[in-house]
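Visitor: I would like a close look at a single part of this model, namely its salt bridges and the surroundings of the residues that form them. Please take me through them one after another.

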Amino acid sequence: MSKKSKQFDAVCVDQIKINSCAMVESIQKGNFSVAMSAAPILYALFKDHLVFNLHDPRWINRDRFILSDLDATVAYYSILRMLGVLQQEDLERYAKSNGLPIFPQYDLTKLIEATINPSISGVANAVGIAISQAILAKKFNEINHMTYVLCNNAELQSGNALEALSLAGTLKLNKLVVLYNAYEVMRDSFVNSVNKDNEAKKFAAMGFNYIKTSSNFRKISKAIAKAKHSIKPTIIQINTTVAKNTPFENSIQSYSHMISFEEISDLKDVSKFKKTDNFAIYPEATDNFVKCIEKRNTKIYQAFNLSNKLERFINQNIKINLNDLEDINIKKDSELYSQIINSISDKYENLVFCSANLTNLVNINVDGSVFASNNRSGRTLLFGQRHYCIGDVANGIALHSNFRPIVSTIIDYIDFSKHAITYANDMHLPVIYLASRNNNLENSNNIFNISMLRTIPNILVLNPYNQSETKALFSNVFNANLKTPVIFMPDDTKNDSFSKQLSKNDKEAYYVLRGKNPITILTSGKDLELCYPLAKKLSLSLVFASNLNKLNDLEYKKQLAISIENTHSFSWTKYAKYNIASDTLSDILAIKNHIDFSSSNIEKALKKILQSLNNKIKSSKKS
């Protein structure tokens, strides 16, 4: 390496630091201290290792980089500006109206592989991407890319990340490299005062190759080069210092302090960056950075040959017809969902089934082989008891290319994946959840979670009753190629004999009964069994909705509508004026203690509401 090239490297690293400080100073938001510590890490990765093509941002064999340490956001934006992906004006408008978001948002044209949330999901996303890479590499020789993730100490203390890393070590995902920015302070403490783990031994025990290095750019680059040849996933501990060469060096206060223009000027006294404009760049050093990347990556890109088989996989859309599935001998939802998934998986290679130690509870069994360190062909992924990370790993699997993950869980545990579902929606990821109801674990969280899911904007929560509905809805989800999370709620406690009383219907909301009384009952899922005989007995109209949003397409009077479902009422209030639910039943019956959501209690509540409604109807007719 020439002396001039070394000088360029030093200038570029300091340029990232000053540009990052300038963004924070201009808006008084963000974290300059961590961004400064991340500068040499990002520079080493991009300049010497990360494989990508700016003109083909969706290239299947590009390396993936996940910025999980969101405090390093402004440093990442500075790198993107050096690449020409962003302009100086973009940096100047950081966190301002119509400007760069305070945290990166999924946009492959800007080399942003995922939207990461503050609840720490980036590590698990990266593990999911690495799983997809391993599955594809087994099938297609041309797939050999790496997955990198930049994280910090706080993340490596979190349950989500530790679960995901434990899974990665177990599966020997050797194409995964974790860049651990190991600065010594956290927001309210020094790291060693809250975490005494021997991290080298801990992660080695998880199955990781563990490398420790300093913040020197060239040493970081050498560590990454070594990691790329490991037979295990690798964690590189990079010992850095936050806010170095500022009054807040290595201090807790560096997190809350917003660097001033004067402090940036003082920092430049010990920096290679001497320009007056703190948003400026050194063209010659930046051009050298870009040319190094282009020289390396152009050769790799041009040498890549996309096989016809891989191209078919990339462009494959799942189109299914489940009408040919036999209804005979299928008595439970779990049997039906098992049959559906096995039918699709047999025909399409891009389905990945994710299960977290619940098979005996949900009884959804998939025939395919299990993905493991010695079986990369498997597409059933067993998570053990790792419920916190399963949603984020599934998002990573979907982010990679054209995989369609299906997550099997229970309603009680779906709250662990709420943030993952929300971000899957933001990134338009087609992740399917089978959130089964289980009587052995039935509790208030179970009931609340159903209503909670329905409040997440733009996702589909489907609670069908009979087999024909379930098959039709499953077909619609795949055949419409929906780019949004979908949640089905299997329930083995449904009465199969009652299902046969209903006519086949593939609509998501429809009238089951039309009564003489203008009052309409609305319900969903298993609670149809409670509502059907009551509606018939009282000559009321009955509407069933597997998807509550579709109630807007039906003609009925909200002021004369009564919802009945064993959930919390808040997900029904915009569809019906009166709501019989687990949180309202006692109040309606004027009983202080909690009472069972039974047919007799519901009938009492319903009659009480009907009496009030009929009195109002009579009163309005008289007036």
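Visitor: To begin with, is Glu284 buried, partly exposed or exposed?

Guide: In this predicted model, Glu284 is partly exposed, with a relative accessible area of 47%. The partner of Glu284 in a salt bridge is Lys4, and the closest N and O atoms of the two are 2.9 Å apart. Because Lys4 belongs to helix α1 (residues 3-27) and Glu284 to helix α11 (residues 283-303), the pair ties together parts that are 280 residues apart in sequence. Lys4 is likewise partly exposed, its relative accessible area being 45%.

Helix α1 also contributes to a second pair, for the side chains of Asp9 and Arg218 meet in a salt bridge with an N to O distance of 3.4 Å. Asp9 lies in helix α1 and Arg218 in helix α9 (residues 217-227), so that this pair links distant parts of the chain, 209 residues apart. With a relative accessibility of 1%, Asp9 counts as buried, whereas Arg218, at 31%, counts as partly exposed. Neither residue should be read from this pair alone, since Asp9 and Arg218 are linked with Lys47 and Asp48 in a network of salt bridges.

A further pair is formed by Asp333 and Lys494, whose closest N and O atoms are 3.0 Å apart. Asp333 is in helix α13 (residues 333-347), while Lys494 is in the loop between β11 (486-488) and α19 (496-499), and the salt bridge therefore ties together parts that are 161 residues apart in sequence. Here Asp333 counts as buried at 7% relative accessibility, and Lys494 is buried as well, with a relative accessible area of 11%. The pairs described here are among the 14 salt bridges that the structure holds.

For the nonpolar surroundings, the largest core has 75 residues, and those that touch the most other members are Ile131, Leu165, Leu173, Leu176, Phe208, Phe383 and Leu453. Helix α5 (residues 122-139) gives the most to this core, with 10 residues, and at least three residues come from each of domain 1 (3-303) and domain 2 (316-498). Apart from this core lies another, of 71 residues, including Val11, Ala75, Tyr183 and Ile293. Within the largest core, one can look more closely at Leu176, which, leaving aside residues up to four places away in sequence, touches Ala126, Val127, Ala130, Thr147, Ala168, Phe208, Pro233 and Thr234.

Notes
Residues are numbered from 1 along each chain as its sequence is written. This is a predicted model: local features need pLDDT of at least 70, side-chain atom pairs count only at pLDDT 80 or more; totals for chains, interfaces and linings use all residues. Side-chain values use heavy atoms; hydrogens and water are left out. A nonpolar core is a set of buried Ala, Val, Leu, Ile, Met, Phe, Trp, Tyr and Cys residues joined through side-chain atoms within 4.5 Å. Buried means under 20% relative accessible area, exposed over 50%, partly exposed in between (1.4 Å probe, protein chains only). Helices (H or I, at least four residues) and strands (E, at least two) are DSSP runs, numbered from the N terminus. Domain bounds come from an automatic or database domain assignment. Contact means heavy atoms within 4.5 Å. A salt bridge is a side-chain nitrogen of Lys or Arg within 4 Å of a carboxyl oxygen of Asp or Glu.
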